[in-house]
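Here are my notes on this model, as numbered points. Keep the viewer open while you go through them.

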Amino acid sequence: MSSEAATHPTYGNWRRPRRPGLGPLGLIGTFGVFGGLVLTLMASLISLRAALVVAVPTVVMLTPLALRTQDGRNVYQLVTLRVGWLRRKSKGAHLYVSGPMSARPGGRFRPPGLLNKVTATEGRDAYDRPFGVLHHPARNLYTIVLGCEPDGGALIDPDQVDVWVALWGEWLARLSHEPGLRGATVIVETAPDPGTRLAHEVLPRIHPDAPAAARAVMEEVVERYPTASSEMHTYVALTYGVPGGQRRKRDEVIADLAIRIPGLLSGLVAAGGGAAYPLSAERIAEVVRVAYDPAVAGDVLTARAQHGGTGLEWEDAGPAAAVETVGAYQHDSGVSRTWLMTLAPRGTVRSSVLRGMLEAAPGTRRKRVALVYRPIDPATSARIVESDRRSAQFMATSGKGMVQARAATEMRAAEQTAAEEASGAGLVEFSLMLTVTVDTMDELADASVAVRNLTAAARVLMRPADRMQAAAFTCTLPAGILPWEQTLVPHELQEAL
């Protein structure tokens with residue numbers, strides 16, 4: 001390691017999972033090619049016309065599998081996405097209305113879409129702190145949400161930042177050993193400060209006999225400071241599943257989660273998470289409520305400061321109305337658009353690569369950046385690492401020129417990954433999603449330009465989640481929605497495609 005690398009550490013070495021099969025065809029396409037060749041050869045024994053009858057349909061069916069977009073989707077997947085959108089639109093599934101004036105029973109404001117069947121309960125951890133548990137009955141999954149207040153990088157020594165990054169990597173590695181953990185989502189939410197928090201902290205503390213000049217200064221600070229400040233919240237949603245074949249009651253699952261919470265919180269604190277705590281069911285409902293209706297953020301803060309809570313329940317955390325379009329999601333007092341990561345930063349990056357993306361964006365009502373992690377168990381990690389290592393070695397020894405140079409770099413990265421995995425490091429699949437909420441549809445164009453600048457600075461390639469904006473919006477909420485658990489096509493079959 002060079003002295004410069006030792007002084008200014010860099011990070012990276014992430015790799016996109018390799019798709020099995022020949023080139024862009026995938027595993028199913030590869031089997032189709034070989035199967036088509038065998039059938040064509042057998043048909044050629046009969047006649048040339050029979051061989052053409054077999055070969056032409058095979059080529060027509062396999063060509064869409066070879067044509068892929070920048071994010072790796074083939075023609076069949078694009079067509080399926082558009083057909084699914086047209087079917088939802090024809091059925092009116094892109095519209096949502098709740099409350100007493102809707103046709104839904106109960107007259108309450110339940111969250112829409114993937115959260116409509118979710119129920120919320122509450123438990124107590126080892127320190128008698130309340131924590132909310134969201135139950136997803138369709139997949140029998142349970143989600144807990146942890147909140148933390150990171151210290152940030154201002155006035156922090158670079159050595160301390162490197163230690164935090166290392167401990168964060170260790171915390172992620174521990175997730176692979178968490179029994180039943182299906183996935184984790186880290187959400188960083190930023191919004192302009194409404195000023196209510198500062199007012200509730202400062203104004204009640206002003207002494208009645210304070211000098212007029214001092215009183216005027218404090219009142220001016222309360223009035224002007226929020227215009228240049230923002231609020232930031234960080235949430236960690238952990239989703240657990242019940243092992244197959246086991247029947248566990250909800251109380252047993254909650255008791256099991258209560259035991260794990262202190263250890264998870266201590267890991268977050270060590271990794272620079274600051275004051276970490278579990279979120280109660282009421283706090284989770286408040287976060288979801290504000291996400292769907294940003295205009296009530298100030299009222300929620302005021303009620304929490306004056307009365308110690310809002311009393312909001314999960315059944316009332318959703319919007320009164322929502323409309324999904326191709327490129328946007330309208331909900332109560334906001335309009336949102338969500339982007340999905342298609343390619344992580346290439347090469348090495350600094351620890352501050354996402355700082356600009358995580359900060360508040362001017363001209364937006366709210367912004368959420370969600371890092372979605374899928375831990376891989378140690379046995380599967382070793383198998384994946386060795387497979388990538390063999391593939392990289394084959395490419396490095398079979399190419400020429402620039403291709404061989406790029407393959408050699410891939411081989412060094414694969415060797416380093418194998419060595420780190422053998423020494424106890426964990427392996428996780430990750431993705432990134434970004435949701436921006438503005439007041440009107442006309443402001444989305446400016447928000448898109450701001451997001452494009454933020455992603456360019458972070459060296460991340462992203463695309464809008466067109467025709468699935470409602471589902472993508474839900475995935476960036478601290479509610480435990482894991483994309484791979486909500487697909488109709490199994491994840492293994494998607495990889496084969």
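1. Let's start with the cysteines; bear in mind that this is a predicted model. Cysteine 148 has a relative accessible area of 4%, so with the buried class set at under 20% it counts as buried. Cysteine 475 comes out at 6% relative accessibility, and that makes it buried too. How many disulfides are there? The count is zero, going by the sulfur-to-sulfur distance rule.

2. Next, the core. The largest nonpolar core holds 44 residues, and Ile144 and Leu238 are the members that touch the most others in it. Helix α8 is the top contributor here, giving eight residues. There is also a second, separate core of 33 residues, with Leu279, Val372, Leu482 and Trp484 among its members. As background, nonpolar side chains tend to be buried together in soluble globular proteins.

3. Leucine 238 deserves a closer look. Leaving out residues up to four places away in sequence, leucine 238 touches Tyr142, Thr143, Ile144 and Leu146. Its contact list also takes in Trp171, Leu175, Leu181, Gly183, Ala184 and Leu264. Ile144 is thus on the list, and Ile144 is the other residue named alongside Leu238 for touching the most core members.

4. Now arginine 250. This residue sits in helix α8, which covers residues 250-273. Is arginine 250 buried or exposed? Neither, quite: its relative accessibility is 30%, and because the partly exposed class lies between 20% and 50%, that is where it falls. Beyond residues up to four places away in sequence, arginine 250 touches Thr119, Thr121, His135 and Tyr142. Take the last of these: tyrosine 142 is 108 residues away from arginine 250 in sequence, yet their C-alpha atoms are 9.1 Å apart. Tyr142 is also a contact of leucine 238.

5. On to the second largest pocket, which has a volume of about 180 Å³. Strands β4 (141-149), β6 (230-241) and β7 (275-278) and helix α10 (297-307) are the elements that each give two or more residues to its lining. Which element gives the largest share? That is β6, with three residues.

6. If you plan to look at the chemistry of that pocket, the lining has 13 residues. By class they split into six nonpolar, three polar and four charged. Lying nearest the pocket centre are Glu149, His233, Tyr277, Arg283 and Arg304.

Notes. Residues numbered from 1 in each chain as written. Predicted model: local features only at pLDDT ≥ 70, side-chain atom pairs only at ≥ 80, totals over all residues. Heavy atoms only, no water. 1 Å grid on protein atoms, 1.4 Å probe; cavity = no way out; pocket = protein on both sides within 12 Å on 5 of 7 lines; lining within 4 Å. Points joined across faces, edges and corners; volume = space filled by probe spheres on them. Helix = DSSP H or I, 4+ residues; strand = E, 2+ residues; numbered from the N terminus. Nonpolar A, V, L, I, M, F, W, Y, C, P; charged D, E, K, R; others polar. Buried < 20%, exposed > 50% of the residue type's maximum accessible area, 1.4 Å probe, protein only. Contact = heavy atoms within 4.5 Å. Core = buried A, V, L, I, M, F, W, Y, C linked by side-chain atoms within 4.5 Å. Disulfide = S-S within 2.5 Å.
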